[in-house]
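Visitor: I have a structure open and would like to go through it in pieces. Can we start with the empty space inside?

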Amino acid sequence: MSLVVLGDSLLDVDLDGRADRLCPDAPAPVLDLDDRRDRPGGAALAASLAAADGEPVTLVTALARDAEADRLRAALHGVSTVAGELPGTTTVKARLRADGRSLARLDYGHSARPEVTEEMLEAVAGATAVLVSDYGRGLAADERLRELLASRASRIPVVWDPHPRGPDPVPGVRLATPNRAEALAATGAPDEYAAAALLRQRWRAGAVVVTLGAGGALLEHGGTPVAVPAPEITALDPCGAGDRFAATAACALRRGAAVDEAVAAAVEQAADFLARGGAAGFGTPPPDRESTVDGLLRSVRAKGGTVVATGGCFDLLHAGHVRMLAAARRLGDCLVVCLNSDESVRRLKGSGRPVNPARERAELLRALSSVDAVVVFEENTPEAALRRLRPDIWVKGADYNADTLPEAGLLRGWGGRTVVVPYHPGRSTSRLVTALDRLS
């Protein structure tokens, strides 16, 4: 049994090139086309995202009989599809892009009310969860589908991603996902808090989450509203973020997650999706940590900046660590922390350590404003990591002697230097571990 994504499918086209000159007859950029790429859009994108996550998914939609629909089918890369007929032509959204940014968008295609088949109804009836991805083209307004969804909503998770031109969600949906502009326009409310409460009551929904872009999301589910902040990212193109959010939430609910857990996962996944380039970058692998760090170092050095590095276990982060890292960061233009892996910590500190796994220690370090990047190393010492990073300055706390550190000679090999920063006595992970043992 699968997740069913029900809704209007579009064909998205990226026309990528270079725009380094203007038209001679108008103040408009000329795009020298380098590449054309067809992508699934609308409900087809939501289904493709769920399938890429390994979710069993069936797309229930309507498709026209034209060349653009054939290209859309090809872009679905084998996603299981049950399609009725769409009278008219496929809706196409073609983006003209240069250097990762959209210059303009060309929309074309026109259709009438889609036809709903018995096969489509059977697919929805057999679903273990449904995501309604409404793009205002009429499928979500079909009365037979709406009656079926209303009857299924009491037994399975139904997530409804509404559209301003589409109908209200059917009563009883587990989660509705309007964005802030849609929620305010639909209610006339002064803010997202009031809008979410009004929509939950109006739609008789189990929960309403208002997505807030870079602000994350606000969940209204009958108790105290839950604010879910988004990670800070750099995003050039927000296209597809709503589909990524709704697909993640639907998949999580299908697997039995609570609504607040599903929303938190959806916020994280939407941010990661945008950081990778959004819909235009869908299907490309995420950047690995090493390539991200290398890019940071290249950027700093290209500007004549100073690369600073430090290292350690950082098992239980405390004030001494924070002060040392802040002091280290002030010595240059970026700070990279070389972090002992879990196995490395065990070899150095014993079988009871680390208290926190490397992924959580790295997460805490990256959350500090003083830390620009974290590199995890497996050896007892960070020498191999340092040979790759080649920092200008290697920093340790003043409880170490810079002259006797094995890294000092290594740094001198490429003209770097080793320094110590003030030590803060009485603050150590070992002391914290001992205190916790006494409490237990």
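Visitor: What classes do the residues lining the largest cavity divide into?
Guide: This is a predicted model, and in it the lining of the largest cavity divides into five nonpolar, six polar and two charged residues.

Visitor: What volume does the largest cavity have?
Guide: The largest cavity has a volume of about 80 Å³. The structure holds one cavity of 30 Å³ or more.

Visitor: Which residues are closest to the centre of the largest cavity?
Guide: Asp8, Ser9, Ala62, Leu86 and Arg137 are the closest, out of 13 residues that line the largest cavity. Strand 2 (9-18) and strand 4 (57-63) each supply at least two residues of that lining.

Visitor: How does anyone find empty space in a set of atoms?
Guide: A probe the size of a water molecule is rolled over the atoms, and this shows where empty space is left.

Visitor: OK, pockets now. How much space lies in the second largest pocket?
Guide: About 1000 Å³. The second largest pocket is lined by 41 residues, and those closest to its centre are Asn179, Pro238, Gly240, Ala241 and Gly242.

Visitor: And how does that lining split by class?
Guide: The lining of the second largest pocket has 19 nonpolar, ten polar and twelve charged residues.

Visitor: Which strands and helices each supply at least two residues of it?
Guide: Strand 2, strand 3, strand 6 (92-98), helix 7 (241-254) and helix 8 (259-275) each do so for the second largest pocket.

Visitor: What sheet are strands 2, 3 and 6 in?
Guide: They belong to an open sheet of four strands in the order 3-2-6-7, with mixed pairing. Strand 3 and strand 7 (101-108) are the edge strands, and each pairs on one side only. From one strand to the next, the twist averages 20°.

Visitor: In what sense do strand 2 and strand 6 pair?
Guide: The pairing of strand 2 with strand 6 is parallel, over seven bridges. Within it, Asp16 stands opposite Arg97 in strand 6.

Visitor: Back to the edge. Which residues is Asp32 in contact with, leaving aside its neighbours within four places in sequence?
Guide: Asp32, which is found in strand 3 (residues 32-42), is in contact with Asp16, Gly17, Arg18, Asp20 and Arg21. With Arg21 there is also a side-chain polar contact of 2.8 Å.

Visitor: Which strands does helix 1 lie across?
Guide: Helix 1 (residues 43-52) lies across strand 2 and strand 3, and runs at about 85° to strand 3.

Visitor: New topic: what order do the strands have in the sheet of five?
Guide: The order is 16-15-14-17-18, in an open sheet with parallel pairing. Strand 16 (373-377) and strand 18 (417-421) have a single partner strand each, so one side of each is left without a neighbour in the sheet. The twist there averages 30° from one strand to the next.

Visitor: How many bridges join strand 14 to strand 15?
Guide: Six bridges join strand 14 (residues 307-312) to strand 15 (residues 334-340), and the two run parallel. Ala309 stands opposite Val336 in strand 15.

Visitor: Which strands does helix 10 lie across?
Guide: Helix 10 (residues 319-329) lies across strand 14, strand 15, strand 17 (393-397) and strand 18, at about 140° to strand 15. Helix 12 (residues 358-366) packs on the sheet too, touching strand 15 and strand 16, and its direction makes about 160° with that of strand 15.

Technical notes:
Residues numbered from 1 in each chain as written. Predicted model: local features only at pLDDT ≥ 70, side-chain atom pairs only at ≥ 80, totals over all residues. Heavy atoms only, no water. Pairing = 2+ DSSP bridges. Axes fitted to C-alpha atoms, helices over the stretch in contact; angles between N-to-C directions. Contact = heavy atoms within 4.5 Å. Polar contact = N/O pair within 3.5 Å; in protein donor to acceptor, adjacent residues only side chain to side chain. 1 Å grid on protein atoms, 1.4 Å probe; cavity = no way out; pocket = protein on both sides within 12 Å on 5 of 7 lines; lining within 4 Å. Points joined across faces, edges and corners; volume = space filled by probe spheres on them. Nonpolar A, V, L, I, M, F, W, Y, C, P; charged D, E, K, R; others polar.
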